[in-house]
Amino acid sequence: MSGTVGRFPRCVLFDLDGTLLDSAPDMAATIDRMRAARGAPPMPLAELRRHVSKGARAMSSAAFPELGGEVPPEMVKEFLAVYAEELGRHGAAFDGIEAMLAALEADGARWGIVTNKPESLARALMPSLGWEQRCAVLVGGDTLAERKPHPLPLLHAAQAMGFAIEDCVYVGDDERDILAARAAGMRSLVALWGYRLQHDDPLTWQADAMAETPGDLLDADAWP
């Protein structure tokens, strides 16, 4: 890294699951416990992985196709309760994330997290990842009255950190991340290493930039 300060955006906000954190193994352990309780075999991780960024309801729907997409509220509650017990036991930051965050920090940039994961679960992960003091703001899916793709969480995070919207970039792996950024007037970057369904086409999301790996973001020119 160059010693020049200001090469990267001054404020970077990240989605959590599928962007900073490979949480699919934790989610798979959760689903496998739910399936075992119903006498079903484990679900292949590769099959579940693409649903992770869509949330508990979508993962439960994929794990129990016999429901026809109609996931009862009690199953979502069950997922969250079991997941809270598996939280952080199997997943880890994606390869290259730590080096990328260190590069941002060395450049004087600040970063935070805006996720649709319940805030209590997201916050519980921070100490084990070593991010408790480094993450400048954490906004969960239940922190505010709205969640992504609504722009409110991004606007709130930028304000809480004291940055103008034009000084921020939002990084996420799901279309709703890009929709939220666009609605907030914030630049956006697609994390192509994250979780996507087969029919998802990030080229149609109209983000400002895309990156294949976290390591690509060590190059300041890769940022919008």
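1. Let us begin with a definition: a disulfide is a pair of cysteine sulfur atoms within 2.5 Å. The model you are looking at is a predicted one, and by this rule it has zero disulfides.

2. Why is C11 not bonded to C168? The closest cysteine sulfur to that of C11 belongs to C168 and is 3.4 Å away, which is too far for a bond. Seen from the other end, C168 is in no disulfide either, and its nearest cysteine sulfur is that of C11. C11 is buried, with a relative accessible area of 0%, and C168 is likewise buried, at 0%.

3. Next, have a look at helix α7, which runs over residues 152-161 and has P153, L154, A157, A158 and M161 as its buried residues. Viewed down the axis of α7, these fall within an arc of 130°, so they line one face of the helix. A general point helps here: an α-helix has 3.6 residues a turn, so residues three or four places apart point the same way. On the other side of α7 you will find Q159 and A160, which are exposed.

4. What does the buried face of α7 pack against? Its partners are the strands β1 (11-14), β4 (110-114), β5 (138-139) and β6 (168-172), together with helix α8 (175-184). Right after α7 comes G162, with a positive phi near 80°.

5. Now for the aromatic rings: how many aromatic pairs does the whole structure hold? The search finds five. One of them joins F14 and W111 in an edge-to-face arrangement, with 6.3 Å from centre to centre and 75° between the planes. Because F14 lies in strand β1 and W111 in strand β4, this pair ties together parts that are 97 residues apart in sequence. F14 and W111 are both buried, and ring pairs link them with W131 into a cluster.

6. F79 and Y83 are another pair to visit. Their ring centres are 6.1 Å apart and their planes are at 25°, so this pair is stacked. Both residues belong to helix α4 (residues 73-86), where they are four residues apart, about one turn of the helix. Are they buried or exposed? F79 counts as buried at 2% relative accessibility, and Y83 is buried too, with a relative accessible area of 2%.

7. Finally, a charge over a ring: R38 lies over the face of F64, at 5.2 Å from the ring centre.

Note on methods. Residues are numbered from 1 along each chain as its sequence is written. This is a predicted model: local features need pLDDT of at least 70, side-chain atom pairs count only at pLDDT 80 or more; totals for chains, interfaces and linings use all residues. Side-chain values use heavy atoms; hydrogens and water are left out. Buried means under 20% relative accessible area, exposed over 50%, partly exposed in between (1.4 Å probe, protein chains only). Helices (H or I, at least four residues) and strands (E, at least two) are DSSP runs, numbered from the N terminus. The arc is that of the directions from the helix axis to the C-beta atoms. Contact means heavy atoms within 4.5 Å. Rings of Phe, Tyr and Trp (its six-membered ring) pair if their centres lie within 6.5 Å; planes under 30 degrees apart count as stacked, over 60 as edge-to-face and the rest as tilted. A charge sits over a ring if NZ of Lys or CZ of Arg is within 6 Å of the ring centre and within 35 degrees of the ring normal.
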